[in-house]
Amino acid sequence: MTLLTPENYIIFFKLFLALLLGITLGIERAMAHKTAGMRTFGLVCMGACLFVIISELMASQHVNQSSFDPLRMASQIIVGIGFLGAGLIIVKGPEIVGLTTAAGLWVTAGIGMAVGFGLYAIAIFATLITLFAFVALWAIEEKIKGQNI
């Protein structure tokens, strides 16, 4: 088995792009002093991408088997990330902490899945609008909370 094939270059690109997009979101979380930061977001995004790649490769190898469903593996990413996200959510009296970070990890897994399926433009756009939600909407939300409406 040769490691450096044109097919593997595409896989390596997908994994690297997913890692970069996850890190991009994690930078904002780290700057906001959240528990899950660059490494967590980067690994979740790249891991989701990896599972999609594995699903696609297995689908191509088992194309004639009616009982084999490669999308099942991709769908389980959502369940796994839900479990990881649940561990980030903490209830402190009347306050809930970590909900946005957990939601961000969930979206990051989707971004990784998009990269894994080769939907690069969608992954990049989703990263940008997630950053918008983290940064711009946070600022708007803080202003609204400050006005005690």
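Here is a short chat between a student and a tutor about this predicted model.

Student: Before we start, what kind of model is this, and how are its residues numbered?
Tutor: This is a predicted model, where local features need pLDDT of at least 70, side-chain atom pairs count only at pLDDT 80 or more, and totals for chains, interfaces and linings use all residues. Side-chain values use heavy atoms, with hydrogens and water left out, and residues are numbered from 1 along each chain as its sequence is written.

Student: Let's take helix H2 (residues 38-61). What should its 24 residues span?
Tutor: Helices here are DSSP runs of H or I with at least four residues, and strands are runs of E with at least two, numbered from the N terminus. The expected span is 1.5 Å times one less than the number of residues. The end C-alpha atoms of H2 are 34 Å apart, which agrees with the expected 34 Å.

Student: Which elements do the buried residues of H2 pack against?
Tutor: Buried means under 20% relative accessible area, exposed means over 50%, and partly exposed is in between, using a 1.4 Å probe and protein chains only. In H2 the buried residues include Phe41, Cys45, Cys49 and Ile53. They pack against helix H1 (6-31), helix H3 (71-88), H4 and H5.

Student: Phe41 is on that list. Which residue's ring does Phe41 pair with?
Tutor: Rings of Phe, Tyr and Trp (its six-membered ring) pair if their centres lie within 6.5 Å; planes under 30 degrees apart are stacked, over 60 edge-to-face, and the rest tilted. A search of the whole structure finds two aromatic pairs. One of them is Phe13 with Tyr120, edge-to-face at 5.3 Å centre to centre and 80° between the planes. In the other, the ring centres are 6.3 Å apart and the planes at 80°, so Phe41 is edge-to-face with Phe134.

Student: How far apart in sequence are the parts that Phe41 and Phe134 tie together?
Tutor: Phe41 is buried at 0% relative accessible area, and Phe134 is buried at 5%. Phe41 lies in helix H2 and Phe134 in helix H5, so the parts they tie together are apart in sequence by 93 residues.

Student: Back to the Phe13 pair: is Phe13 buried or partly exposed?
Tutor: Its partner Tyr120 has 26% relative accessibility, so Tyr120 counts as partly exposed. For Phe13 the value is 44%, so Phe13 counts as partly exposed.

Student: And Lys14 in helix H1, is Lys14 buried or exposed?
Tutor: Contact means heavy atoms within 4.5 Å. Leaving aside neighbours within four places in sequence, Lys14 touches Cys49, Glu56 and Tyr120, among others. Its relative accessibility is 10%, so Lys14 counts as buried.

Student: What covers the buried residues of H4?
Tutor: H4 has 18 residues and reaches 26 Å from first C-alpha to last, close to the 26 Å expected. Its buried residues include Thr101, Leu105, Ile111 and Val115. What covers them includes H1, H2, H3 and H5.

Student: Which element gives the most to the lining of the largest pocket?
Tutor: On a 1 Å grid over the protein atoms alone, a pocket is an open set of points where a 1.4 Å probe fits, with protein on both sides within 12 Å along at least five of seven lines, and lining residues have an atom within 4 Å of a point. The largest pocket is lined by 25 residues, with Arg29, Lys34, Leu99, Thr100 and Thr101 nearest its centre. Strand E1 (90-92), strand E2 (95-97), helix H4 (99-116) and helix H5 (120-146) each give two or more residues to that lining. With seven residues, the element that gives the most is H5.
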